Amino acid sequence: MKIPFNKPFIIGKEIDYIRESVRSGHIAGDGLFTKKCHSFLEKRLNARKVLLTTSCTSALEMAAILCRVGHGDEVILPSYTFVSTANAFYLRGAKLVFVDIRPDTMNIDEGLIGDAVTKRTKAIVPVHYAGVGCEMDAIMEIAKKNRLDVIEDAAQGIGAAYKGKHLGTIGDFGVLSFHETKNCICGEGGALIINSQRCIERAEIIREKGTNRSKFFRGEVDKYTWVDVGSSYLPSDLLAAFLYAQLENMDKITKRRKEIYDLYSKGLKPLADAGVMELPVIPSHCRPNYHMFHVKLENKKVRDGLLGYLKSKSIHTVFHYIPLHLSPVGRSMGYVKGRLPVTESASDRLLRLPFYYNLTKPEMDRIIMNIKKFFK
Ligand SMILES: Cc1ncc(COP(=O)(O)O)c(C=O)c1O
């Protein structure tokens with residue numbers, strides 16, 4: 001039997017809620033369940049304002065517009081991230097300044113950010129890799145000192161916290177993903193967290209194609225019109241209905257994911273102790289959401305060997321980001337191999353193990369047993 005890397009799941013009333021959404025007469029954006037998701041997330045994350053979006057990519061694009069990033073501005077971000085973290089700002093003409101990551105958490109190395117700041121720097125985009133918080137105190141201090149915006153890419157971070165604050169609620173903006181590979185899912189989906197009151201109205205406008213339709217629906221204006229730039233960033237209420245059922249079960253999802261995480265940690269500890277692999281690191285001040293379980297092998301050859309061996313046993317494991325600075329677009333900006341050594345090494349050595357809500361104990365035993373067999 002094949003063990004996939006990821007499997008979408010239904011946990012509660014997803015289908016009932018989709019029916020209810022249809023019955024409500026509004027399945028376009030900002031219907032009954034979109035509002036329920038907004039209130040749930042605002043309360044749960046202790047966030048000023050949350051707006052569902054069609055994806056985390058859309059939420060990042062909205063954040064870039066809200067920060068008024070434009071040609072000539074520089075944006076500091078890790079190279080070890082998904083393409084959307086960079087594209088949102090590249091689309092607005094910004095120059096991307098890639099900074100290396102920490103070897104332990106693989107989050108942006110806060111100690112290197114200061115040197116990357118110039119007069120043209122507009123924003124910092126920390127990415128909370130695997131739902132483990134970046135060193136936000138240090139990042140916020142640099143941002144404050146240099147008057148920079150901070151957009152937290154918490155695509156993988158729903159429910160996780162840094163020093164008691166939910167990821168995505170510490171900077172000026174935060175973004176979440178509900179893609180089918182994340183902890184809480186709706187296929188494709190995301191959210192923008194807006195942490196400053198003065199940006200809320202503009203965010204609503206940008207999300208509604210640049211119009212003040214949200215105000216119109218609230219009865220605050222008698223007709224709506226084009227008032228700013230924008231696009232269609234709001235998801236159908238059908239997706240929100242699916243998502244709401246998942247959000248209601250967030251604690252159950254986290255509990256199950258913790259069990260999976262702990263089983264992997266325990267099962268692979270002997271190999272880590274023998275120096276064969278590195279296991280994930282979670283600093284004590286970070287509350288994780290158990291989004292991912294990754295191991296780091298000695299080198300690329302061993303990593304690819306293990307991936308191929310597990311594939312031959314019908315176990316699907318995957319590597320993660322190809323560093324953006326070494327992508328064709330990154331290279332066109334002048335980046336070369338060797339520039340970000342920790343990023344390059346992590347990317348070569350990292351392997352992500354199957355991780356999804358319905359992963360069973362026997363399946364995990366099989367995965368761990370085969371990893372051990374490979375190293376015998
Ligand atoms: C760090 C990071 N940012 C952004 C995204 C984009 O998320 P979405 O697929 O919801 O657009 C991802 C996707 O996995 C991601 O890992």
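**Exercise 1.** Leaving aside neighbours within four places in sequence, which residues is alanine 63 in contact with?

*Solution.* The structure is a predicted model, in which local features need pLDDT of at least 70, side-chain atom pairs count only at pLDDT 80 or more, and totals for chains, interfaces and linings use all residues. Residues are numbered from 1 along each chain as its sequence is written. Two residues are in contact if their C-beta atoms, placed from the backbone, lie within 7 Å. With those sequence neighbours set aside, the contacts of alanine 63 are Ala88, Ile151, Phe173, Val175 and Leu192.

**Exercise 2.** Identify the members of the largest nonpolar core that touch the most other members, and place this core relative to the domains.

*Solution.* A nonpolar core is a set of buried Ala, Val, Leu, Ile, Met, Phe, Trp, Tyr and Cys residues joined through C-beta atoms within 7 Å; buried means that 20 or more other C-beta atoms, placed from the backbone, lie within 10 Å of the residue's own. The largest such core holds 110 residues, and Ala63, Val175, Leu192 and Leu243 touch the most other members. Because domain 1 (14-248) and domain 2 (250-375) both contribute residues, this core lies between them. The domain bounds come from an automatic or database domain assignment.

**Exercise 3.** State the extent of burial and the dimensions of the chain.

*Solution.* Of its 376 residues, 49% count as buried. Along the principal axes, the C-alpha atoms fill a box of roughly 75 × 55 × 35 Å. Among contacts between residues at least 6 apart in sequence, 67% join residues at least 24 apart.

Notes:
Buried ≥ 20, exposed ≤ 12 C-beta atoms within 10 Å, placed from the backbone.
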